[in-house]
Amino acid sequence: MNKIKKALIIALHGAYDTSTPEGRANERARRIALTAVTAAIAKVLAMAIPLITVRITYTYLGEETYGLWNAITSFFSLFAFADLGLGNGLQTRLSQASGLDDESLCKRLISSTYAMLVVVASGLMAAFLVAYPFINWGAVMNAESEQAITLAGGVVFAIVASKLLSIPLSLVQRTQMALQEGYRSNLWQSVAYIFSLISVYIIAGLDLGPLAMIWTSSFIVVIVSGLNMLVYFRFQRKQYKPAIKLINVNLSRSLLRTGSAFFVLSILTTIGLALDNFIVARAISLSEAATYSILFKVTHMIGGITTMLCAPMWAANGEAFARGEIDWIKQSTKKMSLILLGISTFASIGLLIIAKPFFRIWIGEQFEVSMLVLIGMCVMQILLSVVTSYFMVLNALGIVRKQIAIFAVYTPISFVLKYMLAKSYGAVAIPWVGAFSYSIFVAIPVLIIINKLYKSNTRFGV
């Protein structure tokens, strides 16, 4: 309670004088605390709303359609890298430009990145619209029932179209995070969660159909991102409003080089970490994927909480690095890693204690919980939580190629093992393969790199 009280006091404190190292350290702490507090609010909603709505959506859509929705969402999570890594590149470069107090560079970075992402999103949308009619989406997603086969194409279109539109619109969140204003993004995310809750009840109550529910859920994020961008650049940060005259070709090329490294990294991490539901659907069945996706959603909230708490460190580290305040990075990263270890471990133990009665009450008596699957998922979330703070250092300093090398080993090994062992031993193999592989091929190498970096105080290039 004392730590929570302290965080609230820091978050609600007025802006500090940033003309001194001490003042800048306090201001970083204030913004991190403010972002963390609003992230906690957003995460409470993110946890509570699925708990409230999953029984409605699971019952309303039916087991296979619900599994289809989650499998398609999991598969097209690959669109997380569709921005070619430019969002990550902007966050790194903009945080450093902010640390140098170079407003002109900040403006050119934002406008140049927006221009490139509009072109990227338009090109991908055109390609998708051309290919869409010629693909049997029901067969691709292993749909078996008549309803799932019929709905597959519509579900794919909703998810892909919304994700492509989000590519340029969601860049405002990267801008806010880079400028250490992530609390604004968190508040808008909270609005999206509330609208999602309301829409589920309205659609189910009026019986508007499965596609109406899936389309609405997909596009709420797009609409809220658009509103966030409008308010931010029109009222809150008018000086950074994207403009054609601010687009810089040379800067765009530089951003593309930085972004391309993040792009490759995003592909590898997404395949390695975010396709478990898809693997279950393909290796076992959509019905099994529905069950697995519910357990995954609950445990993923643990990692979601720790990631949101740690996310402000990326921009803060970038700004501190630009000012040469390396000691602050070392101390803050270690402290954050220990905090995230405690939170993820405590949350995992609590979930395992209440799991069986919780899922029976939440989903129903027919829902069977595999404790081995759940424990494996929790172990994975603890590992992810501990290592996340160190990734924030690597990202802020632009050390991407070493991360690519790490995931170039982890991703193919874990993906193939997950698929093969899932066919032989069922879904229980997937989280345990992921956790073991991650600890060996990711966690240990990252800690070695960070240790060498601290000892040398040398910046590795992208």
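# Salt bridges, ring pairs and hollow spaces

Let's start with Lys107, which is partly exposed at a relative accessible area of 23% (buried means under 20%, exposed over 50% and partly exposed in between, using a 1.4 Å probe and protein chains only). The model is a predicted one, so local features need pLDDT of at least 70 and side-chain atom pairs need pLDDT 80 or more, while totals for chains, interfaces and linings use all residues. Residues are numbered from 1 along each chain as its sequence is written, and side-chain values use heavy atoms, with hydrogens and water left out.

**Salt bridges**

- The structure has 10 salt bridges (each one a side-chain nitrogen of Lys or Arg within 4 Å of a carboxyl oxygen of Asp or Glu).
- Lys107 pairs up with Glu103, and their closest N and O atoms are 3.6 Å apart.
- These two partners are four residues apart in helix H5 (residues 103-131), so about one helical turn separates Lys107 from Glu103 (helices are DSSP runs of H or I with at least four residues, strands are runs of E with at least two, and both are numbered from the N terminus).
- Glu103 is partly exposed too, with 39% relative accessibility.
- Arg184 bridges to Glu181, with 3.5 Å between the closest N and O atoms.
- Arg184 is partly exposed at 21%, whereas Glu181 is buried at 4%.
- Arg323 and Glu319 form another bridge, and here the closest N and O atoms are 2.5 Å apart.
- Arg323 is partly exposed at 27%, but Glu319 is buried with a relative accessible area of 7%.
- Arg323 and Glu319 also belong to a salt-bridge network that takes in Arg28, Asp101 and Glu325 as well.

**The second largest pocket**

- This pocket holds about 360 Å³ of space (on a 1 Å grid over the protein atoms alone, a pocket is an open set of points with protein on both sides within 12 Å along at least five of seven lines, a cavity is a set of points where a 1.4 Å probe fits but cannot get out, and lining residues have an atom within 4 Å of a point).
- As for volume, it is the space filled by probe spheres set on the grid points, which are joined across faces, edges and corners.
- The lining has 19 residues, and Arg31, Ser98, Asp101, Glu319 and Arg323 are the ones nearest the centre of the pocket.
- At least two lining residues come from each of helix H2 (21-61), helix H4 (86-99) and H5.
- H2 gives the largest share, with four residues.
- By class, the pocket lining has 10 charged, five polar and four nonpolar residues (Ala, Val, Leu, Ile, Met, Phe, Trp, Tyr, Cys and Pro count as nonpolar, Asp, Glu, Lys and Arg as charged, and the others, Gly among them, as polar).

**Aromatic rings**

- Across the whole structure there are 15 aromatic pairs (rings of Phe, Tyr and Trp, the last by its six-membered ring, pair if their centres lie within 6.5 Å, and planes under 30 degrees apart count as stacked, over 60 as edge-to-face and the rest as tilted).
- Tyr132 and Phe157 make an edge-to-face pair, because their ring centres are 5.2 Å apart and their planes meet at 80 degrees.
- That pair connects distant parts of the chain, with Tyr132 in the loop between H5 and helix H6 (137-140) and Phe157 in helix H7 (residues 146-169), 25 residues apart.
- Tyr132 is partly exposed at 22%, and Phe157 is partly exposed at 23%.
- Trp215 and Phe219 are stacked, because their centres are 5.5 Å apart and their planes are at 20 degrees.
- Both Trp215 and Phe219 sit in helix H10 (residues 210-236), four residues or about one helical turn apart.
- Trp215 is partly exposed, with 32% relative accessible area.
- Ring pairs tie Tyr132, Phe157, Trp215 and Phe219 into a cluster with Phe128 and Trp137.
- Arg28, a member of the salt-bridge network, has its charged end over the ring of Trp328, 4.9 Å from the ring centre (a charge sits over a ring if NZ of Lys or CZ of Arg is within 6 Å of the ring centre and within 35 degrees of the ring normal).

**The second largest cavity**

- Two cavities of 30 Å³ or more turn up in the structure, and the second largest has about 40 Å³ of space.
- Its lining is made up of Arg31, Ile32, Thr35, Met177, Gln180, Glu181, Gly182, Pro312 and Ala315.
- H2 and helix H14 (312-322) are the elements that give two or more residues to this lining, and H2 supplies the largest share, three residues.
- The cavity lining splits into four nonpolar, three polar and two charged residues.
- Glu181, the buried residue that bridges to Arg184, is among the residues lining this cavity.
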